[in-house]
Amino acid sequence: MNLLNDKKLLITGVLTDDSIAFSVAKLAIEEGAEVILTGAGRALSLTRRTAKKLPVSVDVHELDVTKPEQAFELAKFIENKWGRLDGILHAIGYAPPDCLGSGVMKADWSDVGVALEISTYSYKLLAEAFLSLLKNSKSPSLVGLDFDASAAWPTYDWMGIAKAGLESLNRYLARELGPYNIRVNLVAAGPIKTVAAKSIPQFGQFEDAWASRSPLKWSTKDHEAVAKACLMFFSEYLPLTTGEILHVDGGFHAVSA
Ligand SMILES: NC(=O)c1ccc[n+]([C@@H]2O[C@H](COP(=O)([O-])OP(=O)(O)OC[C@H]3O[C@@H](n4cnc5c(N)ncnc54)[C@H](O)[C@@H]3O)[C@@H](O)[C@H]2O)c1
């Protein structure tokens, strides 16, 4: 028996095979799940190419979270295909350049609004668009990817604030969706080299901080530790855990200088 036997999962955020979501999709398939991937806008063709690197052929659909109608369209498709969803991975983050690397004073609302819509509000959009499909599952689970927002980081700026909102939204969604037996949890990852990470100015600062402070040896190339935590939340092994933020950061969050 595999960990995710017969689970039907929707996985957002696969861009390249460096994407954290790619490792989640690959491990989930190896553990018996069926997955559908989504990609956004011009990057959709890249998502389709990356999908070919998975062990089985999977459907790839367009889902740009700034176009909510695409989420509702996809929900109709999944209704016909599977009739339910056992899990959704939210692996979506973006902030315009002025939101990162210049402190919080430079960006104006038009940029901040984009960062919050794509990186924070979209968690609720996924919950809303796919709610009826999640309700049809025996053990539904919504999982998002977070970067610890309990402190102010250098250069992460408005993305840090978007993640703080995501952490709060995670608790509110847990409260509202609990009565439907839907678990809602975040995995707070340490720094990992991905396309999104490359857009963070001086990402090397995070690598250096983790190299000197993380109790467990941290590798920015290891996507699997984070992916495995996501799999645990999709599995039957955490049936009464919701509103949680699980740190997969080598223990960095627990120690000080
Ligand atoms: N890489 C890290 O160090 C790290 C650490 C903690 C948390 N995270 C989080 O992990 C998640 C996945 O990021 P990643 O690091 O794997 O990078 P990635 O670049 O591979 O993935 C980011 C994804 O966001 C998607 N996206 C951007 N705008 C979108 C939109 N409008 N609609 C739908 N999708 C959109 C991109 O298509 C891409 O697939 C993000 O939420 C990120 O903040 C990353």
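**Exercise 1.** How many cavities of 30 Å³ or more does the structure hold?

*Solution.* The model is a predicted one, in which local features need pLDDT of at least 70 and side-chain atom pairs count only at pLDDT 80 or more, while totals for chains, interfaces and linings use all residues. Residues are numbered from 1 along each chain as its sequence is written, and side-chain values use heavy atoms, with hydrogens and water left out.

Begin with the term: on a 1 Å grid over the protein atoms alone, a cavity is a set of points where a 1.4 Å probe fits but cannot get out, whereas a pocket is an open set with protein on both sides within 12 Å along at least five of seven lines, and lining residues have an atom within 4 Å of a point. By this rule the structure holds 1 cavity of 30 Å³ or more. The largest cavity has a volume of about 50 Å³, a volume being the space filled by probe spheres set on the points, which are joined across faces, edges and corners. Its lining includes Phe147, Trp153, Trp210, His247 and His253, and divides into 6 nonpolar, 3 polar and 2 charged residues.

**Exercise 2.** Describe the largest pocket, and state what occupies its space.

*Solution.* First, the volume of the largest pocket is about 1200 Å³. Next, 44 residues line the largest pocket, and Ala91, Ile92, Gly93, Tyr94 and Ala196 lie nearest its centre. By class, this lining has 27 nonpolar, 13 polar and 4 charged residues. Among the elements, α7 gives the most to the lining, with 3 residues; helices (H or I, at least four residues) and strands (E, at least two) are DSSP runs numbered from the N terminus. Finally, the space taken by the ligand is the largest pocket, where a molecule counts as sitting in a pocket if more than half of its atoms lie within 2 Å of the grid points.

**Exercise 3.** Which polar contacts (pairs of N or O atoms within 3.5 Å) does the ligand make with Gly13, Asp64 and Val65?

*Solution.* Take the backbone first: a backbone N or O atom of Val65 is 2.9 Å from a nitrogen atom of the ligand, and a backbone N or O atom of Gly13 is 3.1 Å from a ligand oxygen atom. Asp64, by contrast, takes part through its side chain, an N or O atom of which lies 3.0 Å from a nitrogen atom of the ligand. Taken alone the ligand exposes 820 Å², of which the protein buries 91%, with accessible areas coming from the Shrake-Rupley method with a 1.4 Å probe.

Terms used:
Polar contact = N/O pair within 3.5 Å; in protein donor to acceptor, adjacent residues only side chain to side chain. Nonpolar A, V, L, I, M, F, W, Y, C, P; charged D, E, K, R; others polar.
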